[in-house]
Every structure is written in C-alpha cells, then in structure tokens.
Amino acid sequence: MRELSTPAELIAYRKEMTESVGFVPTMGALHTGHISLIKQSVAENDKTIVSIFVNPTQFLEGEDLDSYPNKIAADLKICSLAGVDAVFLPSINAMYEEDELTITAPKVKGFILEGFNRPGHFDGVLQVVLKLFNITSPTKAYFGKKDAQQLFMIQNMVKHLFLDVEIVPCEIIRESDGLALSSRNIYLSEEERVRALTLSSSLKLATKMIMNKKFNCASIKSSMQEVLKDTKLEYVEIVDREFNHIEEIEIKNTIILVATFVGTTRLIDNIWI
Ligand code: AMP
C-alpha cells in the first residue's frame, strides 16, 4: 500500500493508472462504517484510494478541530488489511494556501438543517471534496448515508459543476444496539452512550409509526422529540430526498433526520424511508 502526502505525488500516482479508481474520503479514526465504504470500493474498482485529512475549513470556531481523534497507525493497518492501494495523508499546508477562492453551498438547501446549525460547514466540505476529486480523478467516490445532507450537497456539486465521477451512497453501519458508528462516539461517557441510543430509538419509533400507517410528519416529529427529551436537541426534521420539507411521509422518498447534543458531543443520525 502506498502512502502519499502531497497532491503532486497523488496526481503522479493516478496518472500511471488506466484502471477504474474508487475513492473514499475520510477524516480518519476509522471504524466499521468507514470500512464498509472501503470494502465496497475495493469490490467495485480495480484500485482504491482512501484519503485521511481532518479538513479545517469545515469546522466552525469552537468545534473539535484540535481534539478530533487521531489514530493514524491503526488507520493505516485497517486500510492495508482492507485491500486499499493508496492512502493520501496530506498536511493542511499541502492542501491550502493563505488566500484562496471559496466555494459556497447552494443558498437554500445548503443553509437548512446542518447548514443552518453549522453555518459555513458545507462550504468547507465542498471545497475540500472538490480539491480531493481533482487530485484523485476517481471513477467512483463513496459517501455514507449517515451524513445524508452532505451526500446530497456532494451529489449536487457533481451535477452543477459537471464533474466526471459517480457518487455511490453507502448504508449506515450501526452497533448491535442501534448506535450509528461515528468517530466522535469515543467522546461519550458510559452514561452518555446510553442516552445516545435515543437517536436510533427515536428513528425506530418513527419507522414503527409509519408501518402503522401514521404518515403525519408533525405527529412523528413530536413523538421523536419525546424520546429525545434527555438530549439537547438541535433538530428533528422530515424531508423528501431532495431535502424539501414535507407534511406527509412519502414512501421511498423520505429521509427522517435528527441532530442532538449528548453532553458536549454532537451526534447525527437518520433513516431513509
Ligand atoms: P468522516 O471520517 O466522518 O468524514 O466520514 C467519512 C465517510 O464515512 C463519510 O462519507 C461518512 O458519511 C461515512 N460514514 C461515517 N460514519 C458512517 C457510518 N456509521 N455508516 C456508514 N458510513 C459512515
């Protein structure tokens, strides 16, 4: 497995290849969720490139940029065992200059939910993903449905900028008790981890209501809020798959999302109906 640390190195490595390339961008501290994306890429492409880069431009002032979990040695082992061909581990200076053009997420869909609660977050995500796509020139790129709005923003960027890459949405991987895997789960104390289960329980309750033909979004949201009452809720929202607000569940076209703080840890989860 190659370890590459500058864009120039990766561009040169990529130029040697004529085969299909799968790309999995990550911020490291890899867990089973990341591994499932990597395995899918390895299965579907001749070569797989994983990036590990904690991108400063997508963190807001006061967020956990400086304390974001770092497990590089373990990450490299995981990638190697999973059959990754190259890992890209750039420094911030290798990726950014002092004064750069910026990218702004779409003014409507980029400024709701995550975009509303983390203003500027998607601008940073799109900026780094565009850079990474340009360096990697992937055939396919793999993103988790866990970050549903991020996935939607990236699909839109590909469409709006006519990028030649196929975005592959990947299923959410959970612990056996329902907690969606996240690099930030390690911040949770034992007691907080128990409370964190209310995210997936609230989504399970929503699914149950829908199975019982209760399609009214307001009443689903209020039942979910009750389950989440011991957390500091940012939002529970129900949208269609284009992120338009909806009043009634549309089967096969709905996403139910939740974002909440458990202690000081911000967690997100969602379910696709
Ligand atoms: P991150 O390292 O948090 O930037 O995540 C890198 C990629 O892994 C993103 O596309 C995430 O959506 C995806 N991902 C993170 N957690 C999960 C999970 N539990 N299941 C599936 N994909 C995930």
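How are helices α6 and α7 oriented to each other? The legends below address this point and further close-up views of the predicted model.

**View 1. Crossing of helices α6 and α7 in the predicted model.** Helix α6 comprises residues 121–136 and helix α7 residues 148–160; their axes come within 10 Å and cross at roughly 55°. The two helices, α6 and α7, are therefore oblique to each other. The crossing in which α6 passes α7 is right-handed. On the α6 side, the contact is made by Phe 122, Val 125, Leu 126, Val 129, Leu 130 and Phe 133. On the α7 side, Gln 149, Gln 150, Met 153, Ile 154, Met 157 and Val 158 take part. Sorted by class, the residues of this contact of α6 with α7 are 10 nonpolar and two polar, with no charged residue.

**View 2. Crossing of helices α8 and α9.** The axes of α8 (residues 190–211) and α9 (residues 217–227) come within 9 Å, and the crossing angle is roughly 150°. Angles over 145 degrees count as roughly antiparallel, and α8 and α9 are therefore roughly antiparallel to each other. Their crossing is right-handed. From α8, the residues Thr 198, Ser 201, Ser 202, Leu 203, Leu 205, Ala 206, Met 209 and Ile 210 meet Ser 219, Ile 220, Ser 223, Met 224 and Val 227 from α9. The contact of α8 with α9 contains eight nonpolar and five polar residues, and no charged ones.

**View 3. The open sheet of six strands.** The strands follow the order β1-β4-β3-β2-β5-β6, and their pairing is parallel. At the edges stand β1 (2–4) and β6 (166–170), each of which pairs on one side only. On average, neighbouring strands of this sheet are turned by 25° against each other, direction ignored.

**View 4. Pairing of β2 with β3, and the helices packed on the sheet of six strands.** Strand β2 (residues 21–26) runs parallel to strand β3 (residues 47–52), and six bridges join the two. Val 24 has Val 50 in β3 as its bridge partner. Helix α1 packs on the sheet and touches β1, β2, β3 and β4 (86–88). The direction of α1 makes about 140° with that of β1. Helix α2 (residues 32–44) also packs on this sheet, where it touches β2, β3, β5 and β6. The direction of α2 makes about 155° with that of β5.

**View 5. The open sheet of three strands and helix α8.** Here the order is β7-β8-β9 and the pairing is antiparallel. Strands β7 (232–240) and β9 (265–272) stand at the edges with a single partner strand each, so one side of each is left without a neighbour in the sheet. Neighbouring strands are turned by 10° against each other on average, direction ignored. Eight bridges pair strand β8 (residues 254–262) with β9 in the antiparallel sense. Opposite Phe 261 stands Arg 266 in β9. Helix α8 packs on this sheet, touching β8 and β9, and its direction makes about 160° with that of β8.

**View 6. Confidence of the prediction along the chain.** The protein chain has a mean pLDDT of 98, and 100% of its residues reach 70 or more. Among the elements of the chain, helix α1 (residues 7–15) has the lowest mean pLDDT, at 97. The highest, 99, belongs to strand β5 (residues 140–144).

Note on methods: Residues numbered from 1 in each chain as written. Predicted model: local features only at pLDDT ≥ 70, side-chain atom pairs only at ≥ 80, totals over all residues. Heavy atoms only, no water. Axes fitted to C-alpha atoms, helices over the stretch in contact; angles between N-to-C directions. Helix = DSSP H or I, 4+ residues; strand = E, 2+ residues; numbered from the N terminus. Parallel < 35°, antiparallel > 145°, perpendicular 65-115°, else oblique. Left-handed = near helix turned anticlockwise from the far one by under 90°. Contact = heavy atoms within 4.5 Å. Nonpolar A, V, L, I, M, F, W, Y, C, P; charged D, E, K, R; others polar. pLDDT = per-residue confidence, 0-100. Pairing = 2+ DSSP bridges.
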